[in-house]
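Dear colleague,

Please find below the structure I wished to pass on to you. My notes on it come directly after.

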Amino acid sequence: MKKLVYLLTALPVSALAAGPQVTIYNDGFATVKEERTLTLAEGVSEVRVTDMSRQLEPDSVMIREMGADPFGLRILEQSFVNDPLTEGLLLHQLEGQMVRFEEKREDGTIKEHTGKVIRSGYVPGEGMSEQPIIEEDGAVRFSLPGQPVFEGIDAGAFLKPSLVWQLAAQKAGECPIEVAYVTAGMEWEATYNLVMPAEGGDTFDASGWISLQNETGKDFRDAEVKLIAGDVQKVQPAPMRHRREVMFSMGAVAEAMPEERAFDEFHLYTLPRPVVLRNNELKQVEFLRAPGVKGLRYYTYNPMIGTAWRGRGANTDPDYGTTADKKVGVRIEIENREDNGLGVPLPKGRMRLYRTDVDGRREFTGENEIDHLPKNEKLKLDMGSAFDLVGERKRTDFTVDSTAKRISESFEIKLRNRKEKEAVEIRVVEPLYRAANWAIPVCSQEFEKIDSHTIEFRVPVPADGEAVVTYTVNYSW
């Protein structure tokens, strides 16, 4: 049987040089810069650059000569071959020819078949998406009679995704270049852990991990990795969030941490040492370690979340704002300052909270997502609801005078603390949502004006006791 014939055969292939540079963005893509050495002829030659990412964006490819003596290199034409050699592709290329098949029987013996491939069943770009058709001894069957056996592979076969270039050069020789491109299938995210002590106090031990995900179909060995934190504008599909079965690699704890610096309108993190990014691998590297961070943990009752003044006249609907949640939330605030053990830009990611039990073991107590947080800003985390605290809000009076354009509304808020030995303070957040102008002529205790349409009461509640807040608000428009 003759060897397979390819449209592109015996092409010069680029040689790999130093490890690649990979810059990963937290929106599901990366830029890759690799050094290669091309074997060029004077004038126009065809060169194959192999072992590329399967999700490479071909129109993003750029090359740069690295040598001191330039070749005057130009790309005249580029093809991206993203259909590496497989059994199905070989059958597709042998349609109309005779192929030998081996059928393995239940008793372990092998029976050989020889048939003509009428249709392989392989569709380029779609895989084995059709029924194969094999003719054997004048009979036609719509399946393969066994495992196909091929008589060798052509030297020009594409074993990995490749770029094929028509290059123009002013001289012949070995030309070192850097090839750069954008690829999908690579992403990173930050995750954080906050550990609280066993009893009392609001001092946390904070740590952060960078998780790197490679689904490009390519391994990157000894890669110099940079991470861009920020919202980079890019026209692309939604970032991949699925997770196939992956290898898991946990970076060893070391003193060297990623270096952080401002870059354009973003922040850039450089890993301290080269890493191996294998395809389908989830790798983690520690980037933050901050013991003894002081924070503030408090309770908040915000029964009317999502209710606000809409800015259009007055809301006179008597039923609006009468349904309220009873749950009292737990919030943590931490100042991201250097004198608080932090003071570094924190990329967006997931924050987990742990409480140390009396036996010294850490128990998970909640988590939330944080957005990008610049240094010297305040981190605010809502970490679920308190089991032993209950809020109850009801309206006690409501009147509307449409002629005078006035509304009067009164509320009673009860806060119950079922902790047997611990008094607490609960911050009650009340939106004033009826009209632009408001005044509170009567209230049972002082409040703080948070913004133009929100007030907050800070209410002490005794252990195993109850506290009540009442107030009246008058609106006009």
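The following paragraphs describe the cysteines and the salt bridges.

Please bear in mind that this is a predicted model. It holds zero disulfides. As for individual cysteines, C175 is buried, with a relative accessibility of 0%, whereas C443 is partly exposed at 31%.

Salt bridges number 30. Three of these pairs are set out below.

One of them joins K160 to D51, with an N to O distance of 3.9 Å. The two residues are 109 apart in the chain: K160 belongs to the loop between β13 and β14, and D51 to the loop between β4 and β5. K160 is partly exposed, at 42% relative accessibility, while D51 is buried, at 17%.

A second salt bridge is formed by R64 and E178, at 3.3 Å from N to O. Because R64 lies in strand β5 and E178 in strand β15, this pair ties together parts that are 114 residues apart in sequence. R64 has a relative accessibility of 45% and counts as partly exposed; E178, at 12%, counts as buried.

In the third pair, the closest N and O atoms of R395 and E409 are 3.2 Å apart. R395 sits in strand β27 and E409 in strand β28, with their positions 14 residues apart in the numbering. Here R395 is partly exposed, at 27%, and E409 is buried, at 1%.

Finally, K160 and D51 also belong to a network of salt bridges with shared partners, which includes E34, R36 and K218 as well.

With kind regards

Conventions:
Residues numbered from 1 in each chain as written. Predicted model: local features only at pLDDT ≥ 70, side-chain atom pairs only at ≥ 80, totals over all residues. Heavy atoms only, no water. Disulfide = S-S within 2.5 Å. Buried < 20%, exposed > 50% of the residue type's maximum accessible area, 1.4 Å probe, protein only. Salt bridge = Lys/Arg side-chain N within 4 Å of Asp/Glu carboxyl O. Helix = DSSP H or I, 4+ residues; strand = E, 2+ residues; numbered from the N terminus.
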